[in-house]
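Thank you all for coming. I would like to walk you slowly through one chain today, so please have the sequence and the model open in front of you.

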Amino acid sequence: MAITVREIRDKDFTRQVRGYNVDEVDEFLDELADQMDTLIRENRDMLNQLQSAAEASVKEVPVATPEPVVVQSAPAPAPVAPVAPVAPVSQVAEAPQPDVMEDTGYFKNLETTLRETLLNAQRIADETVAEARKKANQMLANAEEKASAITAAAKVEAEAARAEAEEVRNACEEYRGRFLRLVEDQMHVLKADEDLFK
């Protein structure tokens, strides 16, 4: 089915992330529709001119008239040559014109080129989207790797902090125990001194 100017003007492409600029595509389609509209108008004008020229040339075609037959008193009449038939006007006007055929071929080529252009644009858009998805997946994988590395490092640091806290707690307990023993020893010394002074 041939693409019409209206279809070009009304064409909407699907919108995707990081796709083509919508305004640029619309502007290009409008320009394309304007050019196609102009070419169609020019084609119609040419066809009208060709038809007018064909009709004018049909009017100028001389119609062959039979020559008058002179009857002589000869013993045998001379045979009359048959008159060549003239083509009807409708056949002359409808004869194929090479320019019209060339214009039709031109528009077929234009239609094919437009289809190929639209298909190429769609293919490039699909490739761009696929490349963007590939890059996004790669960035996501890299981010996940970094997150895993950071998490592992944080776990190691947390374990080290726990171990250090445990050491500090043990040192505190040990210090407290020694301090209590020292206080108890001092209490015994004081009691012993009290006993001495009584």
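Let me begin with a single side chain, Arg115, which counts as partly exposed because its relative accessibility is 33%, and please keep in mind throughout that what we are looking at is a predicted model. Which side chain does Arg115 meet in a salt bridge? The partner is Glu111, and the distance from N to O is 2.8 Å. The two residues are four apart in helix H4, and so about one helical turn separates Arg115 from Glu111. Is Glu111 buried or exposed? With a relative accessible area of 18%, Glu111 is buried, because the cut-off for that word is under 20%.

Before going further along this helix, let me step back to the chain as a whole. The chain holds four helices and zero strands, and reading along the sequence gives the pattern α-α-α-α. How many of the 198 residues count as buried? The share is 9% of the chain, and Glu111, which we have just met, is buried.

Now let us return to the salt bridges, of which a search of the whole structure finds six. I have already shown you the one between Arg115 and Glu111, and I will add two others here. Arg123 forms a salt bridge with Glu127, and the closest N and O atoms of that pair are 3.1 Å apart. Both of these residues lie in helix H4, where they are four residues apart, or about one turn of the helix. Arg123 counts as partly exposed because its relative accessibility is 40%, and Glu127, at 44%, is also described as partly exposed.

In the next pair, the side chains of Glu159 and Arg162 meet in a salt bridge, with 2.5 Å from N to O. How many residues apart are Glu159 and Arg162 in helix H4? They are three residues apart, which is again given as about one turn of the helix. Glu159, at 47% relative accessibility, counts as partly exposed, whereas Arg162, at 53%, counts as exposed, because the word exposed is kept for values over 50%.

Let me turn next to the aromatic rings. A pair of aromatic rings is described by the distance of the centres and the angle of the planes. A search of the whole structure finds two aromatic pairs. In one of them, the rings of Tyr106 and Phe107 have centres 5.4 Å apart and planes at 75 degrees, so this pair is edge-to-face. The other consists of Tyr175 and Phe179, whose ring centres are 6.2 Å apart and whose planes are at 20 degrees, so this pair is stacked. Why is one called edge-to-face and the other stacked? The reason is that planes over 60 degrees apart count as edge-to-face, while planes under 30 degrees apart count as stacked.

As for how these rings are covered, Tyr106 is partly exposed at 40% relative accessibility, while Phe107 is buried, with a relative accessible area of 18%. Tyr175 and Phe179 both lie in helix H4, which runs over residues 98-197, and they are four residues apart, about one turn of the helix. Tyr175 counts as exposed at 51%, and Phe179 is partly exposed at 43%.

Those two rings also belong to something wider. Tyr175, Phe179, Leu182, Val183, Met187 and Leu190 make a nonpolar surface patch of about 600 Å². If you look for Val183, you will find it in helix H4, and at 37% relative accessibility Val183 counts as partly exposed.

Finally, let us go to the charged surface at earlier positions. Which residues form the negative surface patch? They are Glu7, Asp10, Asp12, Asp23, Glu24, Asp26, Glu27, Asp30 and Glu31. The elements that give two or more residues to this patch are H1 and helix H2, the latter covering 22-60, and H2 supplies the largest share, six residues. Asp26 has its place in helix H2 and counts as partly exposed, at 31% relative accessibility.

One last residue is Thr4, found in the segment before helix H1, which covers 5-10. Thr4 is partly exposed, with a relative accessible area of 37%. Although Thr4 and Ala33 are 29 residues apart along the chain, their C-alpha atoms are separated by 8.5 Å.

Key. Residues are numbered from 1 along each chain as its sequence is written. This is a predicted model: local features need pLDDT of at least 70, side-chain atom pairs count only at pLDDT 80 or more; totals for chains, interfaces and linings use all residues. Side-chain values use heavy atoms; hydrogens and water are left out. Buried means under 20% relative accessible area, exposed over 50%, partly exposed in between (1.4 Å probe, protein chains only). Patches are made of residues with over 30% relative accessible area and no salt bridge: like charges are joined within 9 Å, nonpolar side chains (Val, Leu, Ile, Met, Phe, Trp, Tyr) within 5 Å. Accessible areas come from the Shrake-Rupley method with a 1.4 Å probe; for residues, only the protein chains shown count as cover. A salt bridge is a side-chain nitrogen of Lys or Arg within 4 Å of a carboxyl oxygen of Asp or Glu. Lys and Arg count as positive and Asp and Glu as negative; His and the chain ends are not counted. The place of a charge is taken as NZ of Lys, CZ of Arg, CG of Asp or CD of Glu. Rings of Phe, Tyr and Trp (its six-membered ring) pair if their centres lie within 6.5 Å; planes under 30 degrees apart count as stacked, over 60 as edge-to-face and the rest as tilted.
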